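Me: I'm new to this one and I'd like to know where the labels come from. Can we go through a few of them together?

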Amino acid sequence: MSQAAFHYQGEDLWVEGVSLAELGATLGTPLYVYSTQALKANFQAYQLALKNQPSLIAYSVKAASNLAILHLLKEEGAGSDIVSGGELKRALQVGVDPQKIVFSGVGKTAEEMIQALKAGILMFNVESAPEMRLLAATARELGKKAPLALRVNPDVDPQTHPYIATGFRESKFGVPIEEALALYQEATADPYLEVVGLDCHIGSQLTSVSPFAAAAERLRALLARLAAVGVNIQLLDVGGGLGINYHGEEIPSPQELVQAFGELLAAYPGLRLILEPGRSIVGQAAVLLIKCLYNKVTPFKRFVITDGAMSDLIRPSLYGSYHEIKPVRAAGRPAAKVNVVGPICESGDFLAQDREIPLVESGEFLAVFGAGAYGFAMSSNYNSRPRPAEALVDGARFRVIRARETLEDLTRGETI
Ligand SMILES: *Cc1c(COP(=O)(O)O)cnc(C)c1O
C-alpha cells in the first residue's frame, strides 16, 4: 500500500505538498494527518484487483470514521461496512447508497435494526440464531423483509494478534459453520427474512493469504450444500483483514487476496464478491504528529515524553503494536534507545519502547507512522485530555476535518 505521500524533502518530512513542521505549528499537536493521495491509491488498488469481478468494496467504517474520509471514499465508489447505528448515520450522512451498506457485528440492537431496515441497507450480516430471530421479528413489525447473510465462523487460524483474530472456533464472532445450513433453512422459511448472502471475516492485520484460502475452501463446501437444498446465495462477503507494513511485514496485495477466492468464484460465476477492507485503506494513509515535551533521563531509562498518549493512539498499549516514529526534521542527530511515552498516568502509556530513534529537543515534532487505522477511531478522553484534531492534506492544500476538542467538550452532558 502507498506510503509515497509521506517523504522527506531535504531534512523535512512532508505529506504530499505540505510540510509537517508547518502543519504542527499551524494546527497544534497531537494531530492526525491524512493523505488524500494515499487514501485514493489504497482504495484504487482494490478496484483494480476487482475490475473483472462483480463486486462491492464496503469500506470498514470503524477503522477511521471521519466524515471527510468516508465522503472521499464514497466519491471513489466505496460502500460501507458498519457495526453500529452510529456508523450507519455517518455513512448515510455522507451520501453512501444504502444498497452499498452491509451491517456486521455480534450485538445489533432492535433500535439499530429498525434504523437499518428503514434506510434499506443491502444486507445484515447475522452472527447468531437469537439475532436472526430478533431481526425477523423487527422486520415483521415494520412490514419489511430483512436481507441477510449469515456470518459463519470457518474455524481457521488467521495467524494474527489474538485480540483481532475472529475466525477461529472459540471467538465470539459468526455462527459455527456446521450450524449454518440449519439456520439458512430456518431463514428461508421465514416470510420476513430474505437470504441474499454468505459472510465471513476471519481477522485483522493478516500478513498471508493462506488463512483466506483456507476460509475459501470451507465457504465453497458450504455453498455447495446450500445450493443442494435450494438456498440461493448471490452475495459472497469475505470481510476485510488485509494487513499493512508496520514493521517490515511483507503484505499480500489486494490482487493476491482476491486470487485466494479465485477457484470459488470460478465455480460460482454469478456471485457478487464483497470485500470489507479497513486497515489496508487508511492505515498507512496517516501519521500522528506529536511534539516532544521533555527528554527525561533516569539512571535506568531514557524517556521522550510527548504530547501524544495512549488516549490518542492506543495500539501500542493495547496490542503491543509497533509504529515507526521519525523526527519531522531529520537533521543529522545522534540516536539513542528511548521509550516514547505520553503524559497519562499509566505505565502502559507508551508509543514505543526501547526504540533507537534520533533524539529531538523539547518543542520539536515527531511523526508516528501507520496511524490511520484504529488510531483516532479508538481515541478517548482518558485523563480528561481533549482528543486530537484531524487534518486532510490534498496536494499543497490541507484542511481540518475534525476540530481539536476543547475543555468545554470534555464535560458536555455532565451535571453536578
Ligand atoms: C473490523 C472489520 C473489518 C475491517 O478489518 P480490517 O482488518 O481493518 O480490514 C471488516 N469486517 C468486519 C466484520 C470487521 O469487524
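Me: What hand does the crossing of H5 and H6 have?

Reply: In this predicted model, H5 and H6 cross in a right-handed way. The residues that make the contact are Ala110, Met113, Ile114, Leu117 and Lys118 on the H5 side, with Glu131, Leu134, Leu135, Thr138, Ala139 and Leu142 on the H6 side. Sorted by class, that's 8 nonpolar, 1 polar and 2 charged residues.

Me: Why are H5 and H6 called oblique to each other?

Reply: Their axes cross at roughly 55°. Roughly parallel needs an angle under 35 degrees, and roughly perpendicular runs from 65 to 115. The value of roughly 55° fits neither range, so H5 and H6 count as oblique. The two axes come within 10 Å.

Me: And what makes H4 and H5 roughly parallel?

Reply: H4 (residues 85-93) and H5 (residues 110-119) pack at about 25°. The cut-off is under 35 degrees, so H4 and H5 are roughly parallel. Their axes are 9 Å apart, and H4 passes H5 in a left-handed crossing.

Me: Which residues of H4 and H5 meet there?

Reply: From H4, Gly85, Leu88, Lys89 and Leu92 meet Glu112, Gln115, Ala116 and Ala119 of H5. By class, this contact has 4 nonpolar, 2 polar and 2 charged residues.

Me: What about H2 and H3, why are they oblique to each other?

Reply: The axes of H2 (residues 36-49) and H3 (residues 67-76) cross at roughly 40°. Roughly parallel would need under 35 degrees and roughly perpendicular starts at 65, so H2 and H3 end up as oblique. H2 passes H3 in a right-handed crossing. Thr36, Leu39, Lys40, Phe43, Gln44 and Gln47 of H2 meet Ile69, Leu72, Leu73 and Glu76 of H3. Those residues divide into 5 nonpolar, 3 polar and 2 charged.

Me: How do you know whether Glu127 is buried or exposed?

Reply: Buried means under 20% relative accessible area. Glu127 has 3%, so Glu127 is buried. You'll find Glu127 in the loop between strand E8 (123-126) and H6.

Me: Which backbone atoms does the side chain of Glu127 reach?

Reply: One is the backbone nitrogen of Gly105, at 3.1 Å. Another is the backbone nitrogen of Gly174, 2.9 Å from a polar atom of that side chain. A polar contact needs N or O atoms within 3.5 Å, and the distances of 3.1 Å and 2.9 Å fit that cut-off. Leaving aside residues up to four places away in sequence, Glu127 touches several others, including Ser104, Arg151 and Phe173.

Terms used:
Residues are numbered from 1 along each chain as its sequence is written. This is a predicted model: local features need pLDDT of at least 70, side-chain atom pairs count only at pLDDT 80 or more; totals for chains, interfaces and linings use all residues. Side-chain values use heavy atoms; hydrogens and water are left out. Axes are lines fitted to C-alpha atoms, for helices over the stretch in contact, and angles run from 0 to 180 degrees between N-to-C directions. Helices (H or I, at least four residues) and strands (E, at least two) are DSSP runs, numbered from the N terminus. Angles under 35 degrees count as roughly parallel, over 145 as roughly antiparallel, 65 to 115 as roughly perpendicular and the rest as oblique. A crossing is left-handed if the near helix is turned anticlockwise from the far one by less than a right angle, and right-handed if clockwise. Contact means heavy atoms within 4.5 Å. Ala, Val, Leu, Ile, Met, Phe, Trp, Tyr, Cys and Pro count as nonpolar, Asp, Glu, Lys and Arg as charged, and the others, Gly among them, as polar. Buried means under 20% relative accessible area, exposed over 50%, partly exposed in between (1.4 Å probe, protein chains only). A polar contact is a pair of N or O atoms within 3.5 Å; within protein, one must be able to donate a hydrogen and the other to accept it, and residues adjacent in sequence count only if both atoms are side-chain atoms.
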